[in-house]
Amino acid sequence: IAHYHRLAEGFRAALKALNIKVFTEDKALSNVLTVFYVPDGINPKEIIKEMVERYGIRIAGGQEQFANSLLRVTTIGNIAERDIISTVGILEMMLKEKGAIKEVGVGVKAAMDYFLNTK
């Protein structure tokens, strides 16, 4: 449980650094799934498709009425810090290519800082 909590918090630190809003209220956050809003003007289905086709990283979209506004990343299974860091990095690349962020590295740095400062 502690391992998955740490991965989820590292991922959420990256989202915060990127000014990406988490969908879930703080009191209901999960250790195994983080749901977050995509920046305005970004199609989450394009992000999902490109991440898996170009980089082999699977993330999920929102469901039903949230299909065009949310993405979901799991932090359970056979994953570690390296998987979170690479997912954040690829997500940043996608957002930069689509003009949603100006530079890459902010989220990766936040995740790495979190992992370096927690055990």
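This section describes the sheet, the aromatic pairs and the two largest pockets of a predicted model.

The strands form an open sheet of three members in the order 1-3-2, with antiparallel pairing. Strand 1 and strand 2 are the edge strands, each of which pairs on one side only. Strand 1, spanning residues 33–37, is joined to strand 3, residues 70–74, by five bridges in the antiparallel sense. Within this pairing, valine 35 has arginine 72 of strand 3 as its bridge partner, and phenylalanine 36 is partnered by leucine 71 of strand 3. On the side of strand 2, which comprises residues 60–61, two bridges connect to strand 3, and the two strands again run antiparallel. Here glycine 61 has leucine 71 as its bridge partner in strand 3. Leucine 71 is thus a bridge partner both of phenylalanine 36 and of glycine 61.

Helix 1, made up of residues 2–17, lies across strand 1 and strand 3. The angle of helix 1 to strand 1 is about 10 degrees.

Four aromatic pairs are found when the whole structure is searched. A cluster linked by ring pairs contains Phe23, Tyr37 and Phe66. Of these residues, Tyr37 falls within the range of strand 1, residues 33–37.

The largest pocket encloses about 200 Å³ of space. Its lining consists of Glu9, Arg12, Ala13, Leu15, Lys16, Ile20, Lys21, Val22, Thr24, Asp26 and Leu29. Sorted by class, five of the lining residues of the largest pocket are nonpolar, five are charged and one is polar. The charged members of this lining include Glu9, Arg12 and Asp26, while Thr24 is the polar one.

The second largest pocket has a volume of about 170 Å³. Its lining is formed by Ile57, Arg58, Ile59, Val73, Thr74, Ile79, Asp83, Ile84, Ser86 and Thr87. Strand 3 and helix 3, residues 81–97, each contribute at least two residues to the lining of the second largest pocket. Helix 3 provides the largest share of that lining, with four residues. In terms of class, the second largest pocket is lined by five nonpolar, three polar and two charged residues. The two charged residues are Arg58 and Asp83, and the polar residues are Thr74, Ser86 and Thr87.

Definitions and conventions. Residues are numbered from 1 along each chain as its sequence is written. This is a predicted model: local features need pLDDT of at least 70, side-chain atom pairs count only at pLDDT 80 or more; totals for chains, interfaces and linings use all residues. Side-chain values use heavy atoms; hydrogens and water are left out. Two strands pair if DSSP finds at least two bridges between them. Rings of Phe, Tyr and Trp (its six-membered ring) pair if their centres lie within 6.5 Å; planes under 30 degrees apart count as stacked, over 60 as edge-to-face and the rest as tilted. On a 1 Å grid over the protein atoms alone, a cavity is a set of points where a 1.4 Å probe fits but cannot get out, and a pocket is an open set with protein on both sides within 12 Å along at least five of seven lines; lining residues have an atom within 4 Å of a point. Grid points are joined across faces, edges and corners, and a volume is the space filled by probe spheres set on the points. Contact means heavy atoms within 4.5 Å. Axes are lines fitted to C-alpha atoms, for helices over the stretch in contact, and angles run from 0 to 180 degrees between N-to-C directions.
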